[in-house]
Amino acid sequence: MKDCIEEMAVVFALHGQGKADSPLRTVLAVPLGDILVMPSAVKRTKAEASVKVVSVFPKNKSGVPSINAVTILVDGETGEPKAMISGGALTAIRTGAVSGLSCRYLARDGAETLGIVGAGGMAYQQVNGVVSALPSIKKVRIFSLEAAK
C-alpha cells in the first residue's frame, strides 16, 4: 500500500503537469444496466495507457455481483496489451491509496483515530491506505447500517 500511495502522488503530479490524460467515462446503456468505459494515459519516460471497463447491473440475482470490472494495461508505444487486472481489486487498492495520500496532507499531525462510514467492499483498503500513510493511527471506528459488517 505504501508503494501505491507513492505512485498516486507521482501520477497526480504528472496530471498537474499535463502529462496524464483521463477523459470522462463513456456510458453505454443496455436494457438491464450500464457499461462504463474509462481510458487513461500517462506520459513518463515512455507512454503507458489503460482502459477500465465496468458493468453495473443492479437487478442481478442473488449471488451474481451487480458491479464487475476489468482493467487492461496497454503498452503506450506498441499498443500491446500487457496485463488484465481485476478492476474491483485494483479500484479498491487505488481508492485506499488516494485516501492515504489525502490524509497525509489533510489529517491533523499525530491523529490517532480514523473514522470510516460504510463497511462495504472499499472499507478494508480505505483503512489500509490511511493507516499506511498515518502510522500514528491507533483506533479505527467503523459505522455501518449493517451491524454484522
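Is Thr-71 buried or exposed in this model, and what is its relative accessible area? The points below take up this residue and then the elements around it.

1. On the basis of the note: this is a predicted model, in which local features need pLDDT of at least 70, side-chain atom pairs count only at pLDDT 80 or more, and totals for chains, interfaces and linings use all residues. Residues are numbered from 1 along each chain as its sequence is written, and side-chain values use heavy atoms, with hydrogens and water left out.

2. On Thr-71: the residue has a relative accessible area of 6% and is therefore buried, a word that stands for under 20% relative accessible area, with exposed meaning over 50% and partly exposed in between (1.4 Å probe, protein chains only). Thr-71 is placed in strand E5, where strands (E, at least two residues) and helices (H or I, at least four residues) are DSSP runs numbered from the N terminus. Not counting residues up to four places away in sequence, Thr-71 touches Ser-50, Val-51, Lys-52, Ala-83, Met-84, Ile-85, Gly-87 and Leu-90, contact being heavy atoms within 4.5 Å.

3. On the strands around E5: strand E4 (residues 47–56) pairs with strand E5 (residues 67–75) in the antiparallel sense over 9 bridges, pairing being accepted if DSSP finds at least two bridges between two strands. Within this pair, Val-51 stands opposite Ile-72 in E5. E5 is also joined to strand E6 (residues 81–86) by 5 bridges, again antiparallel, and Val-70 has Ser-86 in E6 as its bridge partner. E5 and E6 form a hairpin with 5 residues between them, and Gly-79 in the turn has a positive phi of about 80°.

4. On Ser-55: this residue lies in strand E4 and counts as buried because its relative accessibility is 18%. Leaving aside residues up to four places away in sequence, Ser-55 touches Asp-34, Ile-35, Ser-66, Ile-67 and Asn-68.

5. On the β-α-β unit: strand E7 (residues 113–117) and strand E8 (residues 139–143) run parallel and are joined by 5 bridges, and Ile-116 has Ile-142 in E8 as its bridge partner. Together with helix H3 (residues 123–133), E7 and E8 make a right-handed β-α-β unit, the hand being right if, with the strands pointing away from the viewer, the path from the first strand over the helix to the second runs clockwise.

6. On helix H3 and the nonpolar core: H3 is mostly covered, with 8 of its 11 residues buried, and what covers these buried residues includes H1, H2, E7 and E8. The largest nonpolar core has 8 residues, namely Ala-111, Leu-114, Ile-116, Ala-123, Val-127, Val-130, Leu-134 and Ile-137; such a core is a set of buried Ala, Val, Leu, Ile, Met, Phe, Trp, Tyr and Cys residues joined through side-chain atoms within 4.5 Å. H3 gives the most to this core, with 3 residues. Ala-123 touches Ile-116 and Gly-118, not counting residues up to four places away in sequence.
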